[in-house]
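Here are my notes on the pockets. Please read them with the model open.

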Amino acid sequence: MKLNVVGHRKWWFTLSGCLMVPAILSILFFGFNFGIDFTGGTILDLAFKQPVTVAQVRDALKEDGLQTSVIQLTGHVENEAGTDVMIRTKNLSASESNAVIQHMDSKLGNAEVKRTETVGAVIGSEVTQHTLLNVVLSLAALIAYVSFRFEYRIAMSAIIAICHDIIMVLGVFAFFHLEVDASFLAAILTVLGYSMNESIVIFDRIRENLRTHKKTDTYEVLANDSIKQSIHRSLYTLTTVLFATGSLYFFGGDTTKNFALVMLIGFISGAYSSICVATSLWVTWHEYSGRRNGSSRIHESSPAKTIKA
């Protein structure tokens, strides 16, 4: 079976452009719905007369649209139920807090309010800046390492694919105004690692094939053959992680849905960008350099000198 992924790279670039532009516009115009980890919130400490479960409390909060709040059972817990409950949610006014308590009373029985207070953000602006700085430094380290281990064109193509995946996730969350919390950052870093790994698997196959391929072949032929040899591994990996994250999204609790959604979008985008975008960018870059040098074949550009074994 002949696989011509890179030969359709204009379609991949067009598709990615059609997805990236709305994503970037959503980020610029809609912004993000930061959760209580970034903005602070309200703590409600309640004591019920009868034991309640976290699921019951979460269900009671749906009427107020607070089902994604952080709910903890404090004190004595037996069979996943307890009488003391602490709820951490977004900033609530006094009237909103009273309304929540009244709804809890009507659905779960009378509750004694032990404490109501407003708390600051767990992830302050300084921590956020440090996180972003660490991500940038990590990307720079990846570029340096991959450039040393392979070549700078591979490093830049892989990094562009990673940025493609992260922007896709950010665009979806901005457009649908989904909550961004601490778990979101953890999921983004997971997507970053997955996307880089998928790209390196394919480029490593390309590097190995440089030793055995016909020196008269074009980079497009080399890339397509390498994708064909590694695509089954990529699809098996994608299927496995989608099964796990899909189960977490559809059958997990409300607090894990956004965490799982980030990985669902990121893993699908990561597999696509690694196979279709990163390799296409690499081939296009080599062909552009070849035209400038008056050559387009593998042996004419001597890639073995730049791609280290």
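1. Which residues lie nearest the centre of the largest pocket? They are T68, S69, E179, D181 and N258. The lining has 27 residues in total. Bear in mind that this is a predicted model.

2. The volume of this largest pocket is about 550 Å³.

3. Several elements build its wall. At least two lining residues come from each of β1 (33-34), α2 (36-39), β4 (81-89) and α9 (254-293). Helix α9 has the largest share of the lining, with seven residues.

4. What is the chemical make-up of the lining of the largest pocket? Twelve residues are polar, eight are nonpolar and seven are charged. E179 and D181, named above, are among the residues nearest the centre.

5. Now the second largest pocket. Its space comes to about 470 Å³. It is lined by 15 residues. L132, L170, F184, L185 and I188 are the closest to its centre.

6. Where does this second lining come from? Helices α5 (125-149), α6 (152-175) and α7 (182-209) each give at least two residues to the lining of the second largest pocket. The top contributor is α5, which supplies five.

7. How does the lining of the second largest pocket divide into nonpolar, polar and charged residues? Thirteen, written 13 in the count, are nonpolar. Two are polar, and no charged residue takes part.

8. To look at both pockets, start from their centres. For the largest pocket, go to T68, S69 and N258, which are among the residues nearest its centre. For the second largest, go to L132 and F184, two of those closest to its centre.

Definitions and conventions. Residues are numbered from 1 along each chain as its sequence is written. This is a predicted model: local features need pLDDT of at least 70, side-chain atom pairs count only at pLDDT 80 or more; totals for chains, interfaces and linings use all residues. Side-chain values use heavy atoms; hydrogens and water are left out. On a 1 Å grid over the protein atoms alone, a cavity is a set of points where a 1.4 Å probe fits but cannot get out, and a pocket is an open set with protein on both sides within 12 Å along at least five of seven lines; lining residues have an atom within 4 Å of a point. Grid points are joined across faces, edges and corners, and a volume is the space filled by probe spheres set on the points. Helices (H or I, at least four residues) and strands (E, at least two) are DSSP runs, numbered from the N terminus. Ala, Val, Leu, Ile, Met, Phe, Trp, Tyr, Cys and Pro count as nonpolar, Asp, Glu, Lys and Arg as charged, and the others, Gly among them, as polar.
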